[in-house]
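This briefing concerns a single molecular structure, shown below. The surroundings of the ligand are treated before the strand pairing.

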Amino acid sequence: MAKFKITQQREKCIGCGACAAVCPANWLMDDDGKSTPKKTELAEEGCNKLAAEACPLQIIKIVKLK
Ligand code: SF4
């Protein structure tokens, strides 16, 4: 059962790669130069917190589900 939801305002992504650098477990750089989360619903927050903090545009959010 997922407890965390990862959101990204992907249209704003500048493709800097910071999220994928600090959290390769859940972020990859896609062919269009923007990053994409591998999973958007997770049981553990994991390194996604680092990815959210590393993003210069602050477009990655982690929502804790009930
Ligand atoms: S850190 Fe932010 S701007 Fe950089 S690739 Fe990831 S989502 Fe895009």
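In this predicted model, the shell around the ligand is made up of ten nonpolar and four polar residues, with no charged residue among them. The model also contains an open sheet of three strands, paired in the antiparallel sense.

**Ligand surroundings**

- The ligand has 14 residues around it, of which Cys 13, Cys 16, Ala 18, Cys 19 and Cys 55 come nearest.
- By class, the shell divides into ten nonpolar residues and four polar ones, and charged residues are absent from it.

**Order of the sheet**

- The strands of the open sheet follow the order 4-1-5, with antiparallel pairing.
- Strand 4 (41-42) and strand 5 (60-64) are the edge strands; each has a single partner strand, so one side of each lacks a neighbour in the sheet.
- Strands of a sheet pair through backbone hydrogen bonds, and the pairing may be parallel or antiparallel.

**Pairing of strand 1 with strand 4**

- Two bridges connect strand 1 (residues 4-8) with strand 4, and the two strands are antiparallel.
- Phe 4 lies opposite Leu 42 in strand 4, while Lys 5 faces Glu 41 in that strand.

**Pairing of strand 1 with strand 5**

- Strand 1 and strand 5 run antiparallel and are joined by five bridges.
- Here Lys 5 stands opposite Val 63 in strand 5.
- Lys 5 therefore has a residue opposite in each edge strand: Glu 41 in strand 4 and Val 63 in strand 5, the two strands that stand at the edges.

Conventions: Residues are numbered from 1 along each chain as its sequence is written. This is a predicted model: local features need pLDDT of at least 70, side-chain atom pairs count only at pLDDT 80 or more; totals for chains, interfaces and linings use all residues. A residue is near a molecule or strand if its C-beta atom, placed from the backbone, lies within 6 Å of it. Ala, Val, Leu, Ile, Met, Phe, Trp, Tyr, Cys and Pro count as nonpolar, Asp, Glu, Lys and Arg as charged, and the others, Gly among them, as polar. Two strands pair if DSSP finds at least two bridges between them. Helices (H or I, at least four residues) and strands (E, at least two) are DSSP runs, numbered from the N terminus.
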